[in-house]
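Visitor: Please take a close look at a single part of this model, the one where strands are paired, and then set out what may be said about its surroundings and about the other chain. A connected account would be preferred to a list.

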Amino acid sequence: MARLGSVQGSQASHIEAPLRLASPARPQNSGNLNHCNGYAATTTNINGSPNLQFFRYTPVCTLILDAALVVQQVSDSLLHHPISAVRSPDQILGLDLDSVFDTLLTAPALGLSARKALRIAQDTSRVHELKHVHIDGTAWSIRVVPISRNGSMLYYQIELMDITEEHQKQLEMEERLYTNETFRILVETVKDYAIFMLDPTGHIATWNAGAQRFKGYKREEIIGKHFSSFYSQEDKDNDKPGRELADALRDGRCEDEGWRYRKDGSSFWANVVITPVYRGDTLLGFSKVTRDLTERRSAEVQLIAAYEEASKLKSEFLANMSHEIRTPMHGMLSALTLLLDTKLNPDQLELAHVIEESGEILLQVINDILDYSKLASGCFSISNDIINITEIVQSIFRALEKTKPGIELLNEIDPKLPKAAEGDSLRYRQIVQNLMSNATKFTEQGSVRLRVTLQDQDAEYYTILTEVIDTGIGVPQEVSGSLFTPFMQFDNSATKRFKGTGLGLSICKSLAELMGGKIGFYANPAGQGSVFWFTARMKKVDQLKTMDELQQEIEALALRTSLSPLDDIRKAAVDRRVLLAEDNPINQKIMVKMLTSLGFTQIDLAQDGQEAVTIAKKEAPYDLILMDINMPIQDGVAATKDIRTAGIKTPIIAMTANALKGQAEAYMAKGMNGYVAKPVDRKLLVKVLLTWLNPTSPPD
Amino acid sequence: SGDDGIMDIPGAKDKIDPTTFEQILEMDDDEEERDFSKSIVYDFFTQAESTFEKMDANLESKDLKTLSELGHFLKGSSATLGLTKVQASCEKIQHYGHKKDESGTKDITEEEGLSKLKTTIEQAKQEFREVEKVLKTFYHDES
């Protein structure tokens, strides 16, 4: 009633629509109504029923039904709304409930909801509002207001409001709330990460399952405490927590790995990310995500230990194998060299040469493999000696000069090459020899040129460019990409013309790279053959100083070698007794003079072998016997035999004009200790005397 | 002191090995008098004369073995003094006396040996005379 009254109060003066009553029969106008322009001047009709005219003008889509659920009024707003199927009130007024919605609304579903709302309002006699969400996403609020007076129902006011927009907003909010809720649950339950919030001062605001698991604190124990309690005392002293917050603020996040402490005092290795959280411009606090990396870290440490162990085993294996393989190889080759020195018949000689050749190849293969293994495992190291490139190149060249007749070997050394630089002479030599050997292998005619130039230098280093230019068969297209790859060989067929392991170039590449350089090749621009090149970086040395030092050292050495033997022999000769067996008096005289000049004062003489034996046996033991081989009556060899048979151990030195290699060995076999060639050279005599006169032991 | 100019004496070059002779000269205490080396050299002269006499006698008696030994003997001292030509001839005498060719490797007959010996001994004598002259000049001996 109040509502009607207020409408009446505000709208009474604005009513313009003609007065109408709800009954099918047209209402009869009373005399006190002015119908000229269809205005109703009052809110009551003649029969006393309320004037429902003004309901036509309400902006809210409204239907007025009487107690019998017959339409008494409909607002224009409803008629003009898209959901209305009719435009004229005449089509609606007087219709009962069942037919009105079908006629009025384009959406029957809405009608159903309206009927439902009405029914509830009827039953409860109270205002009822319900929400209808249409399938097209539009939403309506249907409100039914029952109007009664003195206990009896008069009207039902049905309002229909389009609340699509509000509905959408609500949906969105619900969505958001739902998502937030989901995240909250997520964070709460995650056990592998400690995720929690700090307030702006670093006190703990939230706590999740992971945090509890890692740090051992329950939620109620830790909320409100400062997060620095997880850090070590040292970190706290250094204000690490504070600095992390500051860094997070400044950079947008702060990540750190370090030790964190649990409630029980034990520690774990954590990865921590701290991010500031804002709402608008206000700092709400910090989010902290902590991961326990203790396991990963210990796995890392184990892996590294295992790797180092394996690496150590590998190097030890290499070193051992290297020794085990090379020792017998060298033994074999040394014995072979000695064998070649003995008397061999042609067949034996040929076989021995075959063994020698194979042995040398085998040694090369073994060295290649060992080098390759070392390089591949990173155990290889380059020495840093002071070297002279020019000299190295020249010596390599000299060694190769006679190897392949028919091709010309040329040498081009840049005069600007430094006389001294820091490098590894052995490895540099290895590369050059390998390249040169390849070049001569693959060149049948023309030339092989070795060219070394100072390509570049800076304050600290020289860059040396070494090139081997040949006019050989060149490198075919199909192998050019894989030349420096291990085990790639030019000719892998069964009838291999060119020997080798296929490791040479890959070793050269590794060595060049270890020397700070590169290696490569290109076709010889002269037309035929190839150019193999490599660069090496060598550190500059303080040249002047080194050369001077070297010079001094050499001079000192030279002085020492020339003086010292004479001094030594003069010292050694003191109080020594020598027996000289020589038949020619002129030679005798000369020998005596020589020995005297070397400091010998006690020299006894024998004219032939027999005399020598007699004297040697009779006189007190001599320190040395010089025995001429060719003597009358008894020669030196026979005399020596007799002397030895007599048990005399005195060193016997043969003096012989037959200084052939074979002879010397024969004399040794006969009991002599050494020999000098005739005519006797003083320097050589001194050497031999020094060898056989032990200066430290007293004469026996 | 070097060879003290001996190699400058005409005829010295192909008869004397300077290095070897120098070693003898080095043993002289006095470079003016050269007592030691002079005594050695003159001893050699005597030795050579006497050896050649013995060779002639043994050639007569066809004692090849002794001739070989004599050749070896003189070879030794001439080698020590660096008297190269004399040394070489003495070596041949040594080989021929052993019924070997001049290099000492191939066998020869006794007749051949004796024949060769005859010529080579004469050759050796001649060579000796020539180098004797050089040496005497060196030691300022005009005789």
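Guide: Two strands are taken to pair if DSSP finds at least two bridges between them. The model is a predicted one, and the part chosen is a sheet of chain A. In β8(A), F268(A) is the bridge partner of R260(A). The two strands concerned, β7(A) and β8 (residues 267-279) of chain A, are joined by eight bridges in the antiparallel sense.

This pairing belongs to an open sheet of four strands in chain A, whose order is β6-β9-β8-β7 and whose pairing is antiparallel. At the edges stand β6 (193-198) and β7 (254-261) of chain A; each has a single partner strand, so one side of each is left without a neighbour in the sheet. On average, neighbouring strands of this sheet are turned by 30° against each other, direction ignored. Across β7, β8 and β9 (282-292) of chain A lies helix α10 (residues 294-341) of chain A, which runs at about 135° to β8(A).

A charged side chain provides a further detail in this region. R297(A) has its charged end over the ring of W269(A), 4.0 Å from the ring centre. A second arrangement of this kind involves K215(A), whose charged end sits over the ring of F230(A) at 3.8 Å from its centre.

Aromatic rings also pair with one another. A pair of aromatic rings is described by the distance of the centres and the angle of the planes. With ring centres required to lie within 6.5 Å, the count over all chains comes to 18 aromatic pairs. In one of them, F227(A) and Y231(A), the centres are 5.8 Å apart and the planes meet at 85°, so the pair is edge-to-face. Both F227(A) and Y231(A) are buried. Chain B offers another edge-to-face pair, F21(B) with F138(B), at 5.9 Å centre to centre and 80° between the planes. This pair links distant parts of the chain, since F21(B) lies in helix α1 (residues 18-26) of chain B and F138(B) in helix α5 (residues 110-138) of chain B, 117 residues apart. F21(B) and F138(B) are both buried, and both belong to one aromatic cluster whose other members include Y42(B), F52(B) and F128(B).

The chain that holds this cluster has five helices and zero strands. Of the 143 residues of chain B, 49% count as buried. Among its contacts between residues at least 6 apart in sequence, 63% join residues at least 24 apart.

Two helices of chain A complete the picture. Helix α4 (residues 108-124) of chain A has 17 residues, which at 1.5 Å a residue should span 24 Å; its end C-alpha atoms are 24 Å apart, which agrees. Its buried residues include L110(A), R115(A) and L118(A), and the buried residues of α4(A) pack against elements of chain A that include α3 (97-104) and β4 (139-149). S125(A), which follows α4(A), has a positive phi near 55°. In helix α14 (residues 504-514) of chain A, the buried residues include L505(A), I507(A) and L511(A). The cover over the buried residues of α14(A) includes α11 (346-376) and β16 (530-540) of chain A. G516(A) follows α14(A) and has a positive phi, near 75°.

Methods: Residues numbered from 1 in each chain as written. Chains lettered and ligands numbered in written order. Predicted model: local features only at pLDDT ≥ 70, side-chain atom pairs only at ≥ 80, totals over all residues. Heavy atoms only, no water. Phe/Tyr/Trp six-rings, centres within 6.5 Å; stacked < 30°, edge-to-face > 60°. Buried < 20%, exposed > 50% of the residue type's maximum accessible area, 1.4 Å probe, protein only. Lys NZ or Arg CZ within 6 Å of the ring centre and 35° of its normal. Expected span 1.5 Å × (residues − 1). Contact = heavy atoms within 4.5 Å. Axes fitted to C-alpha atoms, helices over the stretch in contact; angles between N-to-C directions.
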